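User: Please take a close look at one loop position in this model, and then place it in the context of the rest of the chain. I would like the geometry and the exposure together, in one connected account.

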Amino acid sequence: MTRIRRGYIARRRRTKIRLFASTFRGTHSRLTRTTIQQKMRALVSAHRDRGRQKRNFRRLWITRINAAIREIGVSYSYSRAIHDLYKGRLLLNRKILAQIAISNRNCLYMISNKIMKIK
């Protein structure tokens with residue numbers, strides 16, 4: 001019986017998986033079965049953590065804004081400030097407000113004064 005030469009398709013698929021997992025450590029980058037499992041796990045983690053990252057950044061921005069606002073005003077809180085921003089139609093999102101709070105406190109002070117005048 002003659003020897004049958006296998007095609008290149010399976011090898012190409014395994015090579016593609018190995019290229020994805022080339023940065024994994026030990027067996028996870030060498031053996032095909034574990035590489036496939038680690039790839040699936042990595043993709044699941046990446047998908048889950050994209051949502052988590054958005055949540056974490058929003059929490060960070062809120063914390064920064066709250067700290068800066070409480071420094072400026074004595075009895076002023078984050079929730080009151082955001083409520084007054086919306087009431088005064090000053091459309092600034094939390095990311096921009098947090099950057100202002102870090103880089104330019106005077107500007108945040110001016111914004112809070114404008115909010116107070118609108119009330």
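Analyst: R89 is exposed, because its relative accessible area is 73%, and the cut-off for exposed is over 50%. The model is predicted. R89 sits in the loop that lies between α3 and α4. Its phi is near 60°, which is a positive value in a residue other than glycine.

The two helices on either side of this loop also take part in the nonpolar interior. The largest nonpolar core has 15 residues, and I65, L85, L97 and L108 are those with the most contacts inside it. At least two residues of this core come from each of α2 (32–72), α3 (78–87), α4 (94–103) and α5 (105–118). Apart from neighbours within four places in sequence, I65 is in contact with Y78, R94, L97 and A98.

The chain as a whole sets the frame for this core. The protein has 5 helices and 0 strands, and its elements run α-α-α-α-α from the N terminus on. The radius of gyration is 27 Å, whereas a compact globule of 119 residues would have a value near 14 Å. Along the principal axes, the C-alpha atoms fill a box of roughly 95 × 25 × 20 Å. Buried residues account for 22% of the 119 residues. Of the contacts between residues at least 6 apart in sequence, 40% join residues at least 24 apart.

Two pairs of positions give distances within this frame. A67, in helix α2, and A46 are 21 residues apart along the chain, and their C-alpha atoms are separated by 31 Å. A67 counts as partly exposed because its relative accessible area is 43%. R70 is also placed in helix α2. From R70 to R13 the separation is 57 residues in sequence and 57 Å in space, C-alpha to C-alpha. R70 is partly exposed, at 49% relative accessibility. Not counting residues up to four places away in sequence, R70 touches Y76 and S77.

A second loop, between α1 (9–20) and α2, holds S29. Its accessibility contrasts with that of R89: S29 counts as buried at 15% relative accessibility, while R89 is exposed at 73%. A polar atom of the S29 side chain lies 3.0 Å from the backbone oxygen of G26. Leaving aside neighbours within four places in sequence, S29 is in contact with R18, A21, S22, F24 and T35.

Another serine, S112, lies in helix α5. S112 is buried, since its relative accessible area is 12% and the cut-off for buried is under 20%. Its side chain reaches the backbone oxygen of Y109 at 2.7 Å.

F24, one of the contacts of S29, leads on to the aromatic residues. A pair of aromatic rings is described by the distance of the centres and the angle of the planes. A search of the whole structure finds 2 aromatic pairs. In one, the ring centres of F20 and F24 are 6.3 Å apart and the planes stand at 85°, so the pair is edge-to-face. In the other, the ring centres of F57 and W61 are 6.0 Å apart with the planes at 35°, so this pair is tilted. F57 and W61 are 4 residues apart in helix α2, which means that about one helical turn separates them.

The four ring residues can be taken in turn for exposure. F20 is partly exposed, with a relative accessible area of 36%. F24 is partly exposed as well, at 22%. F57 has a relative accessible area of 38% and is partly exposed. W61 counts as partly exposed at 22% relative accessibility. F20 has a further neighbour: K39 lies over the face of its ring, at 5.3 Å from the ring centre.

To return to the position asked about, R89 combines a place in the loop between α3 and α4, a positive phi near 60° and an exposed state at 73% relative accessible area. The helices α3 and α4 each supply at least two residues of the largest nonpolar core, with L85 and L97 among the residues that have the most contacts inside it.

Technical notes:
Residues are numbered from 1 along each chain as its sequence is written. This is a predicted model: local features need pLDDT of at least 70, side-chain atom pairs count only at pLDDT 80 or more; totals for chains, interfaces and linings use all residues. Side-chain values use heavy atoms; hydrogens and water are left out. A nonpolar core is a set of buried Ala, Val, Leu, Ile, Met, Phe, Trp, Tyr and Cys residues joined through side-chain atoms within 4.5 Å. Buried means under 20% relative accessible area, exposed over 50%, partly exposed in between (1.4 Å probe, protein chains only). Contact means heavy atoms within 4.5 Å. A polar contact is a pair of N or O atoms within 3.5 Å; within protein, one must be able to donate a hydrogen and the other to accept it, and residues adjacent in sequence count only if both atoms are side-chain atoms. Rings of Phe, Tyr and Trp (its six-membered ring) pair if their centres lie within 6.5 Å; planes under 30 degrees apart count as stacked, over 60 as edge-to-face and the rest as tilted. A charge sits over a ring if NZ of Lys or CZ of Arg is within 6 Å of the ring centre and within 35 degrees of the ring normal. The radius of gyration is taken over C-alpha atoms; the globule rule is 2.2 Å times the number of residues to the power 0.38.
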